Amino acid sequence: MGKETLTITDNRTGKTYEIPIQNDTIKALDLRQIKVKPEEFGMMTYDPAFMNTASCKSKITFIDGDKGILRYRGYPIEQLAEKSTYVETAYLLIHGELPTKEQLDDWTFQINHHTIIHENIKKFMDGFHYDANPMGMLVGTVGALSTFYKDAKEIHDPENRKKQIYRLIGKMITLSAFAFRHSKGMPYAYPDNELSYPGNFLNMLWKMTESKFKPHPVLERALDVLFILHADHEQNCSTSAMRGVGSSHVDPFSAVAAAAAALYGPLHGGANAEVLYMLDEIGSKENIPAFIKNVKEGKGKLMGFGHRVYKNFDPRAKIIKKLAEDVFAVTGRNPKLDIAMELERIALKDEYFIQRKLYANVDFYSGLIYQAMDFPIDMFPVLFAIGRTSGWIAQWQEMLTDPEQKIARPRQVYLGYESRDYQSLEERSKVAVKSAV
Ligand code: SDX
């Protein structure tokens, strides 16, 4: 094996440059020495949507898109989904190791004792329209939490960060449940800290007049596994937003609000809802061929399919497909599952999808479970956000403590006008100006 370097020849000047290779990458800054004239800025890379750019070094989550591998801190997602809980997985992501019993008990106690929210938050909730989208409500209210916890700005104090982390994980289920109850016109149900994290969430969602809500164990476990599966996924769009916004050293509540806003998008965490809208639009198996034809003609997407990293199966989709049977045994089978499975069967044989390496991702089947559990479709991205909060926090903290990181501020390739002089309104009115957009 030769030297760990790249030798680049700039054919414009005939000069060659030796660039060190580290972790199978080169540092983009090492390209800046490549110039024609000494006064030039120097070479940059151009990578719209960061298709081939590593923005950070991380030890949190590993994905092998070709082999369908997903590991949190080295533990395969299949093992965590089978043996762990969301609260324990959140500890693992944030601290780097699975907790001892004492550590888990303390972590659980702290999170449980930060589920209550300031009563004023209810006034925000009440201010939303009756049909406000709960994800929009979550983005707004989690950001508003930054105004209640002024100490959250102390992001360089590890003890202070801990308190904000307990608050964020603890309060995400309360804010989410309150948004749901608002949309149903129901009174808010308060946390019951004797229940598990998913059980407490179900309690705040569904508690009626009974003195103590008892979650169904199968649904409680299913939700726990779904939170585990959604907990982190390396540098996805919303995590990049968390890191980017967090790099300005804003408080973590504001950074989570930005990450949740990114997750809300239909190409990202909003896809689980779009899948159900798509299945409703298809309506029956007989309509699938016509729908696939439209997709192949570029008239829409097969939502819940495709992934920037997974070019084979998404291991989470496989686990969710199995989980669905457990849930349907309790709730009754979601009839849309038949359409979804037929859609997947047809797509997996179709050259259009094979050639583009499009497979079912985490969002393709998750919505079917949520719907069977009586969640309205617009709550699905909220459920994604609850799970992903621990991943956002872990990545945010890793960014803050990484000496190589600083405020995120990409460069650009400028292709606009050169310098030009201002023209008065009269002069401009004489010549019709072509709009730039
Ligand atoms: C999540 O990044 C993460 O890790 C995300 C996530 C996480 O855990 O954080 O895994 C969660 O967001 C999962 C993805 C959920 N989104 C969807 O299911 C929406 C549908 N999928 C697509 O929009 C798309 O596949 C993306 C956004 C997921 C990935 O987009 P890419 O990598 O930019 O791929 P692309 O859009 O460049 O597509 C490549 C080709 C294109 O065709 P051509 O222009 O080459 O002819 O594949 C086509 C696309 O048109 N294509 C699809 C398609 N997805 C891609 N065609 C039909 N249906 C689709 N779903």
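**Exercise 1. Place the ligand relative to the domains.**
Task: In this predicted model, work out where the ligand lies with respect to domain 2 and domain 3.

Solution: Start with the domain bounds: domain 2 covers 67-268 + 377-400, while domain 3 covers 271-372. Next, ask which of them supply residues to the shell around the ligand; both do, so the ligand lies between them.

**Exercise 2. Describe the shell.**
Task: Find how many residues surround the ligand and which are the closest, then sort the shell by class.

Solution: Counting residues with a heavy atom within 4 Å gives 22 around the ligand. The closest are His233, His307, Arg308, Arg316 and Arg388. Sorted by class, the shell holds nine nonpolar, seven polar and six charged residues.

**Exercise 3. Follow the polar contacts.**
Task: Using N or O pairs within 3.5 Å, examine the ligand's contacts with Arg316, Arg388 and Leu302.

Solution: Take the side chains to begin with. Arg316 places a polar side-chain atom 2.7 Å from a ligand oxygen, and Arg388 does so at 2.8 Å. Now turn to the backbone: a polar backbone atom of Leu302 is 2.8 Å from a nitrogen of the ligand. Finally, look at the area: the ligand alone exposes 1100 Å², of which the protein buries 74%.

**Exercise 4. Trace a sheet.**
Task: Give the strand order of the open sheet formed by three strands and say which strands stand at its edges.

Solution: The order is β3-β4-β5, with antiparallel pairing. β3 (61-64) and β5 (75-76) are the edges: each has a single partner strand, so one side of each lacks a neighbour in the sheet. Between β4 (residues 69-72) and β5 there are two bridges, and Tyr72 sits opposite Tyr75 of β5.

Conventions. Residues are numbered from 1 along each chain as its sequence is written. This is a predicted model: local features need pLDDT of at least 70, side-chain atom pairs count only at pLDDT 80 or more; totals for chains, interfaces and linings use all residues. Side-chain values use heavy atoms; hydrogens and water are left out. A polar contact is a pair of N or O atoms within 3.5 Å; within protein, one must be able to donate a hydrogen and the other to accept it, and residues adjacent in sequence count only if both atoms are side-chain atoms. Accessible areas come from the Shrake-Rupley method with a 1.4 Å probe; for residues, only the protein chains shown count as cover. Ala, Val, Leu, Ile, Met, Phe, Trp, Tyr, Cys and Pro count as nonpolar, Asp, Glu, Lys and Arg as charged, and the others, Gly among them, as polar. Domain bounds come from an automatic or database domain assignment. Two strands pair if DSSP finds at least two bridges between them. Helices (H or I, at least four residues) and strands (E, at least two) are DSSP runs, numbered from the N terminus.
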